[in-house]
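Welcome! Let us take a friendly walk through this structure, beginning with its sheet and helices and ending with its aromatic rings.

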Amino acid sequence: MSEYRRLRSPGGIYFFTVVTHERRPILCQNGAADQLLGIMGEVAKEVPFRVEAYVLLPDHVHCIWHLRDDTCDFSRAWALVKLRFTKYMSGLVEFRTATETRTRSKIGRCDSAVWQRRFWEHQIRDDADFEAHFHYIHFNPVKHGLARRPMEWPHSTFHRFVEEGVYAQDWGGLDEWPEGIGNE
């Protein structure tokens, strides 16, 4: 089995991608989005971090977390988020019925049918890197064909940043996406 090495820097800023098991589109239905964000807020009190930006799509979440200076245990934070959200989803009859079959490997590792085992993280290097990931997060619903503009997608911090004057309400339409950002 592979051992993953993660770069951990106290006070670091990280971009994360966390994906549902088999890319099941469960994160934006039946109150799941509000529940996941609430759980993230609870965990942030235990393993201190600040959510700088996020977007929830049906089958994955992207976010930027700023860790507290004395803390860099984002793996523990994600483990808690995933565990608590899995407990919530397991309580929904329609979810249990749709996911009753799990592989022997998942059962042996006590994995659920909610999340992929791991997550992807990237440590933000500088202001330009932060800005690129910040825009990537907010444009993601447009990239995936879920909205024509970020403002149309309800599950992101884009609306907050419009209110704060960071973005114009009409930012990020299909015709104005910067070349080379989010095209990968």
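## Before we start

Contact here means heavy atoms within 4.5 Å. Angles between axes run from 0 to 180 degrees between N-to-C directions. Please keep in mind that this is a predicted model.

## The sheet

A good place to begin is the open sheet, which 4 strands form in the order S2-S3-S1-S4, with antiparallel pairing. Strand S2 (49-56) and strand S4 (120-123) are the edge strands, and each of them pairs on one side only. On average, neighbouring strands of this sheet are turned by 20° against each other, direction ignored.

Strands of a sheet pair through backbone hydrogen bonds, either parallel or antiparallel. Strand S1 (residues 13-19) and strand S3 (residues 60-67) pair in the antiparallel sense, over 7 bridges. Look for Phe15, which stands opposite Ile64 in S3.

## Helices across the sheet

Next, find helix H1 (residues 32-46), which lies across S2 and S3. Helix H1 runs at about 165° to S2. Helix H2 (residues 74-90) lies across S1, S2, S3 and S4 and runs at about 140° to S3.

## Aromatic pairs

A pair of aromatic rings is described by the distance of the centres and the angle of the planes. How many aromatic pairs does a search of the whole structure find? The search finds 20 of them. One of these is the pair of Phe15 and Tyr136, which is edge-to-face, with 6.0 Å centre to centre and 75° between the planes. This pair links distant parts of the chain: Phe15 belongs to strand S1 and Tyr136 to helix H5 (residues 127-143), 121 residues apart. Is Phe15 buried or exposed? Phe15 counts as buried because its relative accessibility is 4%, and the cut-off for buried is under 20%. Tyr136 is buried too, with a relative accessible area of 14%.

Phe16 and Phe119 form another pair, with ring centres 5.8 Å apart and planes at 65°, so this pair is edge-to-face. Here, too, distant parts of the chain are linked: Phe16 sits in strand S1, while Phe119 sits in the loop between helix H4 (104-108) and S4, 103 residues apart. Both Phe16 and Phe119 are buried.

## An aromatic cluster

Which residues form one aromatic cluster? The members are Tyr14, Phe16, Phe49, Trp65, Phe74, Trp78 and Phe119. Phe16 and Phe119, the edge-to-face pair described above, are both in this cluster.

Definitions and conventions
Residues numbered from 1 in each chain as written. Predicted model: local features only at pLDDT ≥ 70, side-chain atom pairs only at ≥ 80, totals over all residues. Heavy atoms only, no water. Pairing = 2+ DSSP bridges. Helix = DSSP H or I, 4+ residues; strand = E, 2+ residues; numbered from the N terminus. Phe/Tyr/Trp six-rings, centres within 6.5 Å; stacked < 30°, edge-to-face > 60°. Buried < 20%, exposed > 50% of the residue type's maximum accessible area, 1.4 Å probe, protein only.
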